[in-house]
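Colleague: Could you take me through one small part of this model, slowly, and then show me what lies around it and elsewhere in the chain? I'm new to this, so please keep it plain.

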Amino acid sequence: MELCDEYLHDYIKIYPPLNDTLGYEKYLKKRNILPNHYSQILIKKESKLSDKYYDILMKKKDKSFYDNIFLFDLKYDKNLSKYNFSNYLLDIEDNILFEYYEICLNNSYISLNTKDDYVVIMNRLKKMPAITNEMIKILEDGIKNRVFINYLIIDNFLYKCKTILASDINKIKGIPISIKKQFLKSMQKNIIENIRKLNEFLLGKYVKFSNKQIGLYSYPSGKQYYKEVCKYNTLPNLTPEAIHDLGLKELQKDLSLKKELAKKMGVDDIDDYMYKNDKFFSTEEEVLKYLYKLRTLLQKRCKKLFYDNIDNLYEIKCISKQNANNMAYYIGPNDGNKNKGTFYINTLNPEKISKYSLLVLSLHEGIPGHHYEAVLNEKSNKAEYIKHNLYSSYSEGWGLYCESLFEYTNDKEYYYKLQYSVERSLRLILDTGIHYYGWDKTKCFEYMKKYLKYYSDDFINDQILRYSSNPGQALTYKIGEQVILYLKEKYMKKNNDIKAFHKLIMDTGPCPLEILIKRFHDINL
């Protein structure tokens with residue numbers, strides 16, 4: 001067993017819910033347990049466990065490929081633990097109460113199929129009052145230490161609370177009749193009431209302190225912290241300055257390609273033309289039907305580019321109302337949840353969804369993007385730690401790369417491919433702008449609106465919130481894609497076999513970009 005997998009087993013012993021996505025039978029008896037992951041007791045156990053494996057790895061002479069990935073992660077965690085301000089920046093916008101609300105809706109990575117599944121969740125929900133109290137304590141400590149979450153994140157939390165508190169949980173479908181009354185009572189007491197409690201605390205005591213700056217730069221040593229985030233999410237030699245400059249250059253490339261498309265189509269302004277000649281849906285059902293049609297098409301076309309075909313196709317579901325700030329995302333299959341992988345799409349306003357935009361989304365989220373990668377990864381014999389860890393630069397880089405694999409014959413679909421590329425270039429500029437150069441929301445909004453002039457204000461505001469609340473993640477798309485394109489160019493010069501190249505990337509699997517490059521060169525170049 002790889003050392004990183006030994007760590008997984010040890011971690012499950014102190015935090016059993018990790019096994020939800022791993023599915024080890026010997027830990028299933030502990031499914032009911034939900035430790036308070038904000039408690040100092042658990043935090044100290046986690047730290048002790050990390051230190052134990054860090055020491056083992058540092059002494060180990062012949063490190064495996066997976067050892068190097070594991071050590072990379074442990075070093076990163078150690079580096080970030082030096083910055084005390086982060087202790088008070090509670091992930092309030094995407095906290096455990098919202099997570100379990102989604103689980104109760106059966107709209108998450110845990111599938112509730114049997115009465116026993118619902119019983120497990122009810123037992124875990126009993127821990128929510130203690131967890132909520134610990135969250136409030138962290139926020140109170142933040143007030144005392146004058147470290148505050150920024151107002152964009154707080155406002156979005158309050159919006160989600162308002163949406164959830166206005167919902168009728170009695171309308172939730174699929175709960176077994178024999179346990180429905182008991183389950184809804186537990187949900188009301190342990191989730192809804194604690195969301196209400198946290199909401200009232202923020203409104204009554206915290207909102208007035210919320211940070212008016214939206215980037216990491218505003219915290220003590222925040223710029224240095226952000227540099228570490230950039231290194232982990234991209235490459236160790238990439239500074240925020242270099243990433244910002246790359247974004248500017250990539251944006252100009254994208255705009256040049258849009259001008260070429262406009263010339264080909266015989267129009268002066270391609271954005272104006274698409275605004276007047278786009279095609280939208282009328283109903284949620286139409287959106288889902290078209291996405292299923294694209295799923296079938298893309299599965300057939302994969303045979304030209306990949307040795308491995310997959311029959312395990314993804315499901316397509318609608319994003320819940322409280323997550324309306326997301327356009328689309330993917331949750332993959334895993335041992336603990338025997339589903340097919342799910343592509344979630346926001347259909348709350350189908351009349352705003354362009355028919356021509358869904359091909360690019362399907363390439364990225366479905367096949368051959370995240371779903372293809374996730375299924376092959378799950379079927380592989382890779383270390384479980386690797387299979388169930390998130391390396392955004394690899395996965396999102398792959399998803400963006402896949403958007404270029406389709407031979408676009410429809411100019412309007414190609415337009416959206418270019419528009420999504422513009423968005424990803426803007427992310428390099430905006431993420432570094434927010435967290436390193438001190439851009440405020442107004443500057444971010446005006447900059448994005450200049451290049452996305454027909455995008456809704458809500459969409460742009462949601463993107464700014466995303467970059468502000470999840471530093472560095474937005475960098476992973478373009479940087480990851482550029483690394484894969486670089487490796488592709490090197491490989492094709494020697495081998496000229498695109499299927500073999502794709503197999504090599506998939507066989508290497510999720511990992512930090514610097515390790516992907518080193519592995520690639522060790523094996524092939």
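Modeller: Sure. Find N496, which sits in the loop between helix 20 and helix 21 (498–508). Keep in mind that this is a predicted model. N496 isn't a glycine, yet its phi is positive, about 50°. Is N496 buried or exposed? With a relative accessible area of 62%, N496 is exposed, because the cut-off for that word is over 50%.

Now step back along the chain. N496 follows helix 20, which covers residues 476–494. You can check the length of this helix yourself: its 19 residues, at 1.5 Å a residue, should span 27 Å, and the C-alpha atoms at its ends are indeed 27 Å apart, so the two values agree. Quite a few residues of helix 20 are buried, among them T476, Y477, I479, V483, I484, L487 and Y491. K478 and E481 are on that list of buried residues too.

Let's stop at E481, which lies in helix 20. Its relative accessibility is 8%, so E481 counts as buried, since buried means under 20%. What does E481 touch, leaving aside neighbours within four places in sequence? Its contacts are G397, L400, Y401, S404 and T476. There's also S393, which is 88 residues from E481 along the chain, while their C-alpha atoms are separated by 8.2 Å.

Back to that positive phi for a moment, as R146 has one as well. R146 isn't a glycine, and its phi is near 55°. You'll find R146 in the loop between helix 6 (128–144) and helix 7. R146 has a relative accessible area of 65%, so it is exposed.

From that loop, go on to helix 7 (residues 151–165), which packs against helix 19 (residues 457–469) at an angle of about 115°, with the axes 9 Å apart. The crossing is left-handed. On the helix 7 side, the residues that meet helix 19 are L152, I153 and N156, and they face I464, L465, S468 and S469. Sorted by class, this contact has four nonpolar residues, three polar ones and no charged ones.

Finally, the strands. Three of them make an open sheet in the order 1-3-2, with mixed pairing. Strand 1 (315–318) and strand 2 (328–331) are at the edges with a single partner strand each, so each has one side without a neighbour in the sheet. From one strand to the next, the twist averages 25°. Why "mixed"? Strand 1 and strand 3 run parallel, joined by four bridges, whereas strand 2 and strand 3 (residues 342–345) are antiparallel, with four bridges. For example, C318 has I345 as its bridge partner, Y329 has Y344, and Y330 stands opposite F343.

Look at where the side chains of strand 3 go: T342 and Y344 point one way, F343 and I345 the other, and all are buried. Helix 13 (residues 358–365) lies across strand 2 and strand 3, at about 145° to strand 3. After helix 13 comes a loop that leads to helix 14 (370–379) and holds P368. The peptide bond from I367 to P368 is cis, with omega near 10°.

Notes:
Residues are numbered from 1 along each chain as its sequence is written. This is a predicted model: local features need pLDDT of at least 70, side-chain atom pairs count only at pLDDT 80 or more; totals for chains, interfaces and linings use all residues. Side-chain values use heavy atoms; hydrogens and water are left out. Two strands pair if DSSP finds at least two bridges between them. Helices (H or I, at least four residues) and strands (E, at least two) are DSSP runs, numbered from the N terminus. Axes are lines fitted to C-alpha atoms, for helices over the stretch in contact, and angles run from 0 to 180 degrees between N-to-C directions. Contact means heavy atoms within 4.5 Å. A crossing is left-handed if the near helix is turned anticlockwise from the far one by less than a right angle, and right-handed if clockwise. Ala, Val, Leu, Ile, Met, Phe, Trp, Tyr, Cys and Pro count as nonpolar, Asp, Glu, Lys and Arg as charged, and the others, Gly among them, as polar. The expected span of a helix is 1.5 Å times one less than its number of residues. Buried means under 20% relative accessible area, exposed over 50%, partly exposed in between (1.4 Å probe, protein chains only).
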